[in-house]
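Subject: Structure for your review

Dear colleague,

Please find below the structure that I am handing over to you. My notes on what was found in it follow directly after.

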Amino acid sequence: MNTLYSFFTNPVLTASTFLIELQSVFFQPIWKECNYDDYFTYKVYVPSTYTGLNKVPLVVMLHGCQQDADDFAAGTEMNKLAEEKGFMVLYPQMNYFANSNGCWNWFYEYNQFRDNGEPDIIKDMMDHITAKYAVDSANIYLAGMSAGGFMANVMAIAYPDIFKAVGIHSAGSNAYAVDLITAAQVMLYGSLNPKLDGDEAYQKMGSYARPVPIITFHGQSDTTVNPINASTLMQQWIYTYKYLDIDLHENAVSYTPKDNENHYSYIMSDYVDATNKIWMKKIMVEGMGHAWSGGNDNGSDTDSKGPNASQMMWDFFEAQND
C-alpha cells in the first residue's frame, strides 16, 4: 500500500522505480508441486523476479535414486542460484511404483528414444511449464545426478534441438545398457564401446542432430558409479561430434584450492575444436565420492568440499550465448 501511495504522492518516483517496488511487494518466489498425471508429479521454482513480461531461461533438474525434488533442490541449491540469476527450475519426480528406488529407468531401451517412455514424460512436463510461463525456448538447459545424469544423457540425445546445453553429474554414456544387468556393468566398468555409443547417439538424433555442449562432474573416489564413466561419456560425444564435422581435443588443467584441507583439488578438462571453442568440460574431483560437488550437506548425496557444480554448470550454460 505504501508503494501505491508513493506513486501518486511523490512526483519524482519514476515508472521503472514503481515497477521494481511493486514487484518487491507483490511478487514472491513460487515453489510448488504439480500433477503430471495419476502417477507422476513435478515441482517448479519461479524466482521472485519473474513478472511474465520477459521470457526467462529454464533449467530442468533430474534427481538421483532415493531422492525427490525437495531433497535435490536442497542439495544442489539450484533454486537459490535461480533466484539470484532469474531463471526457472523444473524438477520432474520419478514414481516409486515405476522404480522402487525412485531411479529414472535410463537403462531400458524403450526409455532411450524421443517421444517414448520416460523421456516423453519429462518433455511433457516441460511443455506444461512452457505453456504456463514465459520461458525462453532458446535457453532451456538440463542437468542430472546419477540415474538422473544417465537420463540427462538420454534426453540430450533424444532432444538435441530442445536443450542448449546439458550437465551430467556422476553418470555416463547409456547406450550399452538395455536392462538392469547391463546397467550394473556400465556403472561398474563404464561403457564397453564408446565409439559404438557415439554412432548410435547420432543415429538416434536423426534429423534433429546437432552438437550438444556437455559439462560433466565426477568424484574420483566414487564407488557407486565408476569414475571411468566420465571419460567414456566424453568419448561418446567426441564420436558423435565427428558426424557433425567437429573434431575435439582435450586440454586439462589441475586446480588446487588454497584451503587444501577443507576443499578438494580437481582436474578440469576442456574439449575444444580447431578454433579453441570450448564444446565440453569434464571436472574430476579428487577425494570425492558419489555426491553432488559443492552441494549443501542438508541434501543427500552431496559434498560441500567440492567445487560448486551448480554455479559452474550455470556459467557453462550461459557461456553458450557468447
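Helix α9 (residues 228-243) lies across four strands, namely β6 (165-169), β7 (214-219), β9 (266-272) and β10 (278-285). Its direction makes about 170° with that of β10. Please bear in mind throughout that this is a predicted model.

Threonine 240 belongs to this helix, α9. Is threonine 240 buried or exposed? Its relative accessible area is 1%, and therefore threonine 240 counts as buried. Beyond its neighbours within four places in sequence, threonine 240 is in contact with Gly198, Ala201, Tyr202 and Met205.

Met205 is also touched by tryptophan 237. Leaving out residues up to four places away in sequence, the other contacts of tryptophan 237 are Asn153, Ala156, Ile157, Val212, Ile214 and Met280. Which residues touch the most other members of the largest nonpolar core? They are Trp106, Trp237 and Met280, in a core of 60 residues. Helix α6 (residues 147-158) supplies the largest share of this core, with 9 residues. Another core, of 32 residues, lies apart from it and includes Met61, Tyr91, Ala165 and Tyr266. As background, nonpolar side chains in soluble globular proteins tend to be buried together.

I turn next to the sheet. It is open, has 10 strands with mixed pairing, and follows the order β1-β2-β4-β3-β5-β6-β7-β10-β9-β8. Which strands stand at the edges? They are β1 (30-35) and β8 (249-255); each has a single partner strand, so one side of each is left without a neighbour in the sheet. From one strand to the next, the twist averages 15°.

At the β1 end, β1 pairs with β2 (residues 41-46) in the antiparallel sense, over 6 bridges. Within this pairing, tryptophan 31 has tyrosine 45 of β2 as its bridge partner. Helix α4 (residues 78-85) packs on the sheet here and touches β1, β2, β3 (56-62) and β4 (88-93). The direction of α4 makes about 155° with that of β4.

Strand β4 deserves a closer reading. It is joined to β2 by 5 bridges, and these two strands run antiparallel; tyrosine 45 stands opposite valine 89 of β4. With β3, by contrast, β4 runs parallel, and 3 bridges join the two. Valine 60 has leucine 90 of β4 as its bridge partner. In general, the strands of a sheet pair through backbone hydrogen bonds, either parallel or antiparallel.

Why is β4 described as largely enclosed by the rest of the structure? The reason is that 6 of its 6 residues are buried. Met88, Leu90 and Pro92 point one way from β4, whereas Val89, Tyr91 and Gln93 point the other way.

Tyrosine 91 leads to the aromatic residues. The whole structure holds 16 aromatic pairs. One of them joins phenylalanine 72 and tyrosine 91 edge-to-face, at 6.5 Å centre to centre and with 85° between the planes. This pair links distant parts of the chain, since phenylalanine 72 is in helix α3 (residues 69-76) and tyrosine 91 is in strand β4, 19 residues apart. Phenylalanine 72 is buried at 3% relative accessibility, and tyrosine 91 is buried at 1%.

Phenylalanine 72 also forms an edge-to-face pair with tryptophan 292, at 5.6 Å centre to centre and 85° between the planes. Tryptophan 292 is in strand β11, 220 residues from phenylalanine 72, and both residues of this pair are buried. Which residues form one aromatic cluster with them? The cluster consists of Trp31, Tyr45, Phe72, Tyr91 and Trp292.

Two contacts between a charge and a ring may also interest you. The charged end of arginine 114 sits over the ring of tyrosine 208, 3.6 Å from the ring centre. Lysine 277 lies over the face of tryptophan 279, at 4.6 Å from the ring centre.

Finally, two residues other than glycine have a positive phi. For asparagine 276, in the loop between β9 and β10, phi is near 70°. For aspartate 301, in the loop between β11 (292-293) and β12 (302-303), phi is about 50°. Asparagine 276 counts as exposed at 53% relative accessibility, while aspartate 301 counts as partly exposed at 36%.

With kind regards

Terms used: Residues are numbered from 1 along each chain as its sequence is written. This is a predicted model: local features need pLDDT of at least 70, side-chain atom pairs count only at pLDDT 80 or more; totals for chains, interfaces and linings use all residues. Side-chain values use heavy atoms; hydrogens and water are left out. A nonpolar core is a set of buried Ala, Val, Leu, Ile, Met, Phe, Trp, Tyr and Cys residues joined through side-chain atoms within 4.5 Å. Buried means under 20% relative accessible area, exposed over 50%, partly exposed in between (1.4 Å probe, protein chains only). Contact means heavy atoms within 4.5 Å. Two strands pair if DSSP finds at least two bridges between them. Axes are lines fitted to C-alpha atoms, for helices over the stretch in contact, and angles run from 0 to 180 degrees between N-to-C directions. Rings of Phe, Tyr and Trp (its six-membered ring) pair if their centres lie within 6.5 Å; planes under 30 degrees apart count as stacked, over 60 as edge-to-face and the rest as tilted. A charge sits over a ring if NZ of Lys or CZ of Arg is within 6 Å of the ring centre and within 35 degrees of the ring normal.
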